[in-house]
Amino acid sequence: MKILKKNDIGKYFQRALLFLIYIYSVISVSAQHPVYYELTEKDGLPDIEFYDVVEDNNGFIWLAANKGLFRYDGKTFKNYTHPQKKGLSVFNLQFDKQGRLWCNNISGQYFFIENDILHYFTDVNVKKKGQLSEFFIHNNKLFVSGAGICVTIDIQTKQKKRIRGGTSDSAFFKHNDSVFYVLKTSVYTEFDQFKKPVDYIDTKGSIGNGLPYVKIRNLGEKNAILLQVYDPHKRGVKLFLREKGKITSLPKQLFKSRITIIDALVEDDFIWIATPNGLHTYTYNNSTFENQNIFFKDYYITKILKDQRNNYWVTTLKNGIFIIPNKNLKYFKDFKHHHITALEKLDNQRLIFGTNKGLLVQKNIITGKVNKLKSYSREGINIIASNGNGKLFISHNNKGYIKTQNKSLFVNNRASKFPAPKGVSFINQNKFVIGQFDRSRIFDLNSNEFTKIEQKRSYSTHYNKQTEKIYIGYVDGLEYYNNNGLEGRKIMFDDKPIFALDITNTSDNVIWVATFSDGIIGVKNGEVIKNYNTNNGLLSNNTSIVKANGTDLWIATDKGIQRLDTKSENFYNITTKDGLTTFNVADIIVYENQVIFGTNNGLFQLDISKGFKPQKLPSFYITKVLVKDEEVEIKDAYKLNPEENKLQFFFHANGFMAEEDCYYQYRLLGASNDWNYVSKNNNQITFNSLSPGKYTFQIKKVLQSNNLESSIKSVEITIQKPYYLQLWFIVLSLTILAVLVILLVKYRIHKLKKQQQVFLEKERLQNQMVASKLKSLQSQLNPHFIFNAMNAIQGLIIKDNKKSAYTYLSKFASLMRDNLEMSERSFVHFNDEIAHLKKYLDLEKLRFEDAFNYKIVNAEDIDNIKIPSTIIQPFIENAIKHGLLHKRTGDKIVIISFEQKSNTLICTIKDNGVGVEKSKLINKSNNSNSFSTKAIEEKLLLLKKYYQTDIGFDYEKVNSGTKVILRIPFTYND
C-alpha cells in the first residue's frame, strides 16, 4: 500500500477540485427568469405583507395589506380606513357590478369603497373569530363561506340567512354567473334548496369518497374551474381542471412536493399558480400540462394579477410586491450582474460572450448549458468575431488574438498580433478586415500578412458578402471599398460625413449604419436612401448597435431597443416599461424565434413572436384644479371672477410606468392655437395671470414610438371682466354720467349766466365808474393842457413871432382835435398814442424855438396793443415845464423809450433839465403846484385797483436831469 505524502494529498485534492470546476463549467445550466421590478420603500411601498391585489376600470391598483387597504396610481399609495374597523389588515378584494370595491377582515367585518371613501357594511358575527371567510357578490347578495358557516347577506337590507348543513368543509363558488354550493363531495346548483347535485369530480374514482373540495378557483379566461383536493391519508394534494364539462387531473410529475394553491391565473395557453413556494407556471393546451418554471421560488406568493397594460403584479406575504412588465423578456440568473461587453453568434444554438473582467463564456440557448472558456487576459473583452468555422477573433481592450476551436472548446493560437482593435469583420474563413486605433487593414490567416487600407483611426467595420464590399467607419466618416481594400469612396449624408458606430446589411443589400446623432442611415450603391430618426419612429437619434435579420433591423438606442420592419416601416419597442433597466447594449444576437441582448446588467432573452407588448396609450385624467392656489371641484367649465385668474391643472395616468414612452401636449385656445410640450416628469400646468375673456384649456397624451394620440380633454374657462368693464355697468355708468353732466351743465350754465349777469352788471357799473373818473380826470387835464398851450401862443404873439404863432396855432388845433377824440376813449392804440405825443412834442419844440429836441426809442418794437389814453403826455409835459424850462444854457432834450414786459408797458422819460430837487425849490418859491401830476397819480391808482397788478410811476435818481419810469397796463388789439 502506497503511503500518500502531505504534498501528494494536496496535489490530488487540487486535481479533484480542478476536475469538479471543469465538470461544473461544462455542464452548468443557466436558468432564466422574467425581468421584474421590485417595489420598495423608496417607491413609497407602505408594507411588505400583502394578501390581495385588484385593478379597477380607471387603472388604479388596490392592495389588501397587513397595514390596511391601499390604492396605487403609479406614483403614490393612498390609505383607506374607517373608525369602526377592528385591526388594520384587510383581505379578499372584489368588485360588484356598481364598481364598488369590497373587502373583509379576520374579525368578520365587511367594507366597501364608494366615492373614494371606505364605508362600513356589516359584521357577519361568525363564531370562530380569527378565521378568515371567503366571499363574493352575486345578484345584490353577499355570499360568505368559511369559518364554519355559509351565509348570504342582502346588500340592501343587510338581512342575513344561514345555509343549512354548513361546516368548515362547505363553501360557495361562482362559475359562469351561477352560484354553486359544495357540501362534502356534492356540488349543488340551487344552494339554498340542495337541488340538482353536479358531479364536478368522480368522487368514487382515484380520489375516494368523502373528501372535501378545499379550494375552488375560477379561471375566467379559460372558462374553467381549478379544484384543489387534499388526501388526508397521504397528506398530499391533487389538482383538477374542469373545462367545458371535462375534468383533467394535473399530472403528479408537475409537483415535486405538496402544493397549496393560493391563487391562479389563466391566460391563453399559460397558467400561473401562486403558492407558498413561489410562482409556478404551466403551459396548457388540449388538456396537456407542461411545467414551465418556478419563479420567486423562495417567496410566499399571495396573488398574481395581470393589469390593463399587461403588467403582472406578484404580491408576497413578507417580501412586498414584484412587477413583471413583460413575461417574455427574461434574464439569465447566473449572469445577472455581469457586465457583458462583447457578444457573438456561433451557430443556431450557441453563442459566446465576454465581460469587462475578461470572462469568456459559451452558452447553448436550447439546452441552457454554459461552458466557461479560458481567455488570454483578465482585461475586459471588447470584440468577439467568428468566421463561422471554428476560428474566433477576440480582443482584450488593447490586444487582439485568434482562438481556434478544439473539439467543443477554443484555444489560443495567435496573440498580441493586433494592437488596439476597434472593429473586426471576416471576409471569408481565413481573411478579415480590422479597424484599429491608427489604421485599417486586411489580414490573411494563411499567409499571416497584412494589406494596408487607410492610415487613420477606425471605429467600425462590416463586410457585405453579397456585394463583396468592405465598409469602414473612420474618425472622419464612412467609406467603402472592394474586397481587396482598394478604390475607397466616402459616403455622405446631407453633404456631411457619416460617423458610423455600427454597420450591418439586410437581405436586400441595404447597408444600415448606427450613428450617435443622426439615427439610422440606409445606404445602397454608395448613396443614402433612407434615414430613420425621431421624426419617423426611432426612440432616439443616439444609436449604438444595429443588427440585421432578413429585412428586419434590431436597433439599440439610449432610450430602448427597437425592432424595425424595413418593408412595412413598423417599429416594435423594448423599453423601461418592459423591464429593460439599462440601455448600455454591447451587442444583439438574433435567432429564429428569439433575440439575445448583452448589456452591462447581464444577458437578456426575448421571445420575438410574443415579446412585444401591444402599443397601448394609457388613459389619463385631471386629478386636481387650483384657482388662486386653492383646490376647487373638478369640472368641465369654470366661470371665474377677475381676481381668480391664476389656474393650475394637475393630471396623471394611472398604472405602473403608465407615463413611460409618452409625453403630454397642451394649448389654451383664446390665447394661442399652438400645442406646447410638457416637460418630462412634470404633471401640472400653471396659468399665472389670465386676462378677462373666454378660453379652452386642452391637453392630450402622445405615445412617442408611433405618435398615437389620446382623445383631447377640454376645460372651458371664462374669466369675467371687472364689474367696471362689464356692459351693464358701462351702460349704467354712462347713463348716470350723462344725467350728471346734463344737470351739471345746466347748473353751470345757470350759475355762469347768473355770475355773468352779476359780473356784467358789476363790470358795467365799474366801467361806468372808471370811465366817469377817467373822463373827469381827462376833463381836468384838457383845460390844463389848453391853458399851457395858450400861454405858449401868447408868448409867441408878444414876441411878434406871427409865423411861429400861426404854425403853433394850426398844430395846436390838430392836437386839440386828437385830444378831444382820445378823451372819449379809455384805451387807444399805441401807435395813435405815439402820433399824439409827436404832435405835442412838435408844438413844444416850436415854443422853444428849436432850443428843444426829443427822441422816441423802441416805439417801433411795440405793436398791436392798447394803452390808457393821455397817460404819458402829462409826464413829458412836467419834464419840459419843471425840468427843461428852468435850464438856462445848453440844449434841452427829452428821451422817451418803451419796453414790453408781460402785461405791462414800461415807459421811461428822461430829460437833461435842472432835476427834481432843484425843480421843487423853484416851484416852491414860485408857489407852483403840478395839477397834472396829481391827476395822473389818481388815474394810475384807479387803473391799478382795476387791473390788480403793479401799475404806477417812480422817479429814478440820476446825475443830471430827471428820469421817471411809468408802468402802464395794456391789452391786445382785437
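Two strands are taken to pair if DSSP finds at least two bridges between them, the strands themselves being DSSP runs of E with at least two residues, numbered from the N terminus. The structure is a predicted model, in which local features need pLDDT of at least 70 and side-chain atom pairs count only at pLDDT 80 or more, while totals for chains, interfaces and linings use all residues. Residues are numbered from 1 along each chain as its sequence is written, and side-chain values use heavy atoms, with hydrogens and water left out.

With these conventions in hand, the sheets make a pleasant place to begin. One open sheet has 5 strands in the order β44-β45-β46-β47-β48, with antiparallel pairing. Its edge strands, each pairing on one side only, are β44 (458-464) and β48 (496-497). Within this sheet, β46 (residues 477-482) and β47 (residues 489-493) run antiparallel and are joined by 3 bridges; E479 has K490 of β47 as its bridge partner.

Another open sheet is built from 4 strands, again with antiparallel pairing, in the order β40-β41-β42-β43. Here β40 (421-428) and β43 (449-454) form the edges, each pairing on one side only. From one strand to the next the twist averages 20 degrees, where axes are lines fitted to C-alpha atoms and angles run from 0 to 180 degrees between N-to-C directions. Strands β41 (residues 431-436) and β42 (residues 440-444) run antiparallel and share 5 bridges, and G435 finds its bridge partner in S440 of β42.

Strand β6 (residues 68-72) has pairing partners in β5 and in β7. Because 5 of the 5 residues of β6 are buried, this strand is largely enclosed by the rest of the structure; buried means under 20% relative accessible area, exposed over 50%, and partly exposed in between, with a 1.4 Å probe and protein chains only. Strand β5 (residues 61-65) pairs with β6 in the antiparallel sense over 5 bridges, and a hairpin joins the two through 2 residues. In that pairing, L63 is matched with F70 of β6. Between β6 and β7 (residues 77-80) the pairing is also antiparallel, over 4 bridges, and R71 stands opposite K78 in β7. The hairpin of β6 and β7 has 4 residues between the strands, and G74 there takes a positive phi near 105 degrees.

Attention now turns to the nonpolar cores, each a set of buried Ala, Val, Leu, Ile, Met, Phe, Trp, Tyr and Cys residues joined through side-chain atoms within 4.5 Å. The largest holds 40 residues, of which I872, F898, I909 and L966 touch the most other members. Apart from it lies another core, of 24 residues, including F620, Y638, F651 and L668.

The loop between β56 (570-574) and β57 (585-590) contains T582, which is buried with a relative accessible area of 8%. A polar atom of the T582 side chain lies 3.1 Å from the backbone nitrogen of N584. Leaving aside residues up to four places away in sequence, T582 touches T599, N600 and N601, contact meaning heavy atoms within 4.5 Å.

Finally, the cysteines deserve a word. Taking a disulfide as a pair of cysteine sulfur atoms within 2.5 Å, the count comes to 0 disulfides. Two of the cysteines are buried: C662 has a relative accessible area of 6%, and C907 has one of 0%.

Key: Polar contact = N/O pair within 3.5 Å; in protein donor to acceptor, adjacent residues only side chain to side chain.
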